[in-house]
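Trainee: Could you take me through the empty space inside this protein, with a close look at the largest pocket and what lines it?

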Amino acid sequence: MFEGIMKEAELLLGFAAVAVIWLVMIAMDVWRRAKGLKRRTTSPMRQWFASIGILWGLAAISVWAWMASGRTLADLGFSSGEAGGWRLGLAWGLAIAFAGQQVIQLIAIRRNEETRTQVKDVVFGSGDYDQIMPRRRKDVWGYQLLAVTAGITEEVVFRAFLISLFALWMPIWLAAVAALAMFIVAHAYQGVQGLVRILPVSIVLTLCYVLSGSLWPGIFLHVAVDVLSGLMVWVILPREGYVEVQPRTEGAPA
């Protein structure tokens, strides 16, 4: 596979950019855990906006690399879907059904105080997943900007670009598994709890792209899930002020 990539400088550059950022994210998580950094008591606004810039940059590089290699946006998935027919319908069905399940879950959390308390304990008790979460309602808008950004750009990079790139030199399903693995590892900073949470939707997002050849079902689902996650956090946060986060005890694992 890599011999094929080496013959196309644009694709090599695009892959290298994604791979470098991917490795940097892993290294930063390892460093954070090794240092045992204190848990956040305020919303990570700077982290959100830095992530937004990085994600749009990676998406732009991915699109440029693909088009500079002589291929089209339609080939990358910016179309209604080359597969068409039942496969496109199934992809949209999966996306809508999964998003609907998330809406039902949000409604249940909103209506039940005990459920809200349980979710709050889970979200803000991990020390990993909660690192990217808002700490007060006034800051949720920043998280939602990141949610929409991730829903679009991560589909472009991890589904469209990487799967399409790998599929040039390996079977499509193997390419999908490789891209899925990179996507999961890129989210390792969320800890075991976060990885368990995103694994099902990550598989569905991958299926949506492979089945349809279109980015749109995956973008719809990814944006919906992330935005609904922001609404869920808004529901469990206190009406005024910051949520109380228990500090790590000295020597506790990150």
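Mentor: Happy to; here is the pocket, followed by the cavity. This is a predicted model, where local features need pLDDT of at least 70 and side-chain atom pairs count only at pLDDT 80 or more, while totals for chains, interfaces and linings use all residues. Residues are numbered from 1 along each chain as its sequence is written, and side-chain values use heavy atoms, with hydrogens and water left out.

The largest pocket holds about 1100 Å³ of space. Among its 43 lining residues, Met-25, Gln-47, Ser-51, Ile-132 and Tyr-189 are the closest to its centre. Two or more lining residues come from each of α2, α3 (45-68), α7 (140-166), α8, α9 (191-212) and α10 (216-236), and α2 has the largest share with 9 residues. By type, the pocket lining has 27 nonpolar, 8 polar and 8 charged residues.

On to the cavity: the structure has 1 of 30 Å³ or more, and the space in the largest cavity is about 30 Å³. Its lining consists of Met-25, Ile-26, Asp-29, Val-185, Ala-186, His-187, Ala-188 and Tyr-189. Here α2 (9-35) and α8 (172-186) each give two or more residues, with α2 giving the most, 3 residues. That lining divides into 6 nonpolar, 1 polar and 1 charged.

As for terms, on a 1 Å grid over the protein atoms alone, a cavity is a set of points where a 1.4 Å probe fits but cannot get out; a pocket is an open set with protein on both sides within 12 Å along at least five of seven lines; and lining residues have an atom within 4 Å of a point. Volume is the space filled by probe spheres set on the points, which are joined across faces, edges and corners. Helices are DSSP runs (H or I, at least four residues), numbered from the N terminus. Nonpolar covers Ala, Val, Leu, Ile, Met, Phe, Trp, Tyr, Cys and Pro, charged covers Asp, Glu, Lys and Arg, and the others, Gly among them, are polar.
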